[in-house]
Amino acid sequence: MSTGKIAVAGATGRLGVHVVDVLAERGHRVVPVSRATGVDIITGEGLDEALDGVEVIIDVASWHGSEQEAATEFFRTSARNLHDAGRRAGAARITAASIIGVDKATAGFLAAKKVHEELLLAGPLPVRILRAAQFHEFVGQLLDWQQGGVAHLPSLPTQLVACRTVAEELVDLALAPEAPETPIPEIAGPRKENMAEAARLLGTRRGIQVVGIEGGGIPDAEIAAAGGFLPGPHAKLAGPTFSEWLDSREGAK
């Protein structure tokens, strides 16, 4: 396997920091691409310089809000700029992280990610996509968005996965000599869980009462309730369960 330069767009984000760590541990030269390193994939500032000599681009950059139109515009611009700059740099391909179920999404952030996939696949460079289940870390984010000591969260099926597990699979996909047999592979945690119940485990540790509610006003709640965002039969299931992940984080403190 090559130990050439690998660019990580969104290198300082929730998933990006793990991708950078995995690449570094495996002996690759990592080019972190983020505004924190002086590179902006939206304005293009510093992008050509950052991608000079890069063999593969791993795209884990994301929009931080849930509003569909703004997220779609972010992904539209980032996909175009990464393709254009990557082509000029002579990169072999782009590998991007996406979310399980985006092909079914009709609204919200997931619908924006669906457009992101389509735009990436339509670009000039070869593209590989890994769809992941919601991250373990997402549960804490849901609690952070709530106000007060009681959180009302959707009681929906999910198959939460650790960011580190996704990062390892994404790096494997990005650097594999051949494209995967499955057009868009999936990675998820080892078992089906419930978002509200997972949040209740974390809420207990934070002193927050979690109340599970139907749908919770999220986009495509009916699709989610029917299991539309669960992994398919060919998905790789790996990493710790949510409770195991929580325990490991507590033990690390």
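**Exercise 1.** In this predicted model, find where S62 lies and decide whether S62 is buried, partly exposed or exposed.

*Solution.* Start with the elements on either side: S62 sits in the loop that joins β3 (56-59) to α3 (68-89). Next, take the relative accessible area of S62, which is 33%. Buried means under 20% and exposed means over 50%. The value for S62 falls in between, so S62 is partly exposed.

**Exercise 2.** List the residues that S62 touches, leaving out residues up to four places away in sequence. Then state how far apart the C-alpha atoms of S62 and L51 are.

*Solution.* The contacts of S62 are F74, F75 and F109. For the second part, S62 and L51 are 11 residues apart along the chain, and their C-alpha atoms are separated by 19 Å.

**Exercise 3.** Describe the aromatic pair of W63 and F74, and explain which parts of the chain this pair ties together.

*Solution.* A pair of aromatic rings is described by the distance of the centres and the angle of the planes. A search of the whole structure gives five aromatic pairs. In the pair of W63 and F74, the centres are 5.7 Å apart and the planes make 40°. Planes under 30 degrees apart would count as stacked and over 60 as edge-to-face, so this pair is tilted. Now place the two residues: W63 belongs to the loop between β3 and α3, while F74 belongs to helix α3, so the pair ties together parts that are 11 residues apart in sequence. As to accessibility, W63 is partly exposed at 35%, whereas F74 is buried at 13%.

**Exercise 4.** Name the residues of the cluster linked by ring pairs, and find the residue that lies over the face of F75.

*Solution.* The cluster consists of W63, F74, F75 and F109. Over the face of F75 lies K113, at 4.7 Å from the ring centre.

**Exercise 5.** Give the strand order of the sheet, then describe how α3 and α4 lie on its strands.

*Solution.* The open sheet has seven strands with parallel pairing, in the order β2-β1-β3-β4-β5-β8-β11. Its edge strands are β2 (29-33) and β11 (236-237), each of which pairs on one side only. Within the sheet, β4 (93-99) pairs with β5 (127-132) over six bridges. Helix α3 packs on the sheet and touches β1 (5-9), β3, β4 and β5. The direction of α3 makes about 170° with that of β3. Helix α4 (108-121) lies across β3, β4 and β5 and runs at about 160° to β4.

Note on methods
Residues are numbered from 1 along each chain as its sequence is written. This is a predicted model: local features need pLDDT of at least 70, side-chain atom pairs count only at pLDDT 80 or more; totals for chains, interfaces and linings use all residues. Side-chain values use heavy atoms; hydrogens and water are left out. Helices (H or I, at least four residues) and strands (E, at least two) are DSSP runs, numbered from the N terminus. Buried means under 20% relative accessible area, exposed over 50%, partly exposed in between (1.4 Å probe, protein chains only). Contact means heavy atoms within 4.5 Å. Rings of Phe, Tyr and Trp (its six-membered ring) pair if their centres lie within 6.5 Å; planes under 30 degrees apart count as stacked, over 60 as edge-to-face and the rest as tilted. A charge sits over a ring if NZ of Lys or CZ of Arg is within 6 Å of the ring centre and within 35 degrees of the ring normal. Two strands pair if DSSP finds at least two bridges between them. Axes are lines fitted to C-alpha atoms, for helices over the stretch in contact, and angles run from 0 to 180 degrees between N-to-C directions.
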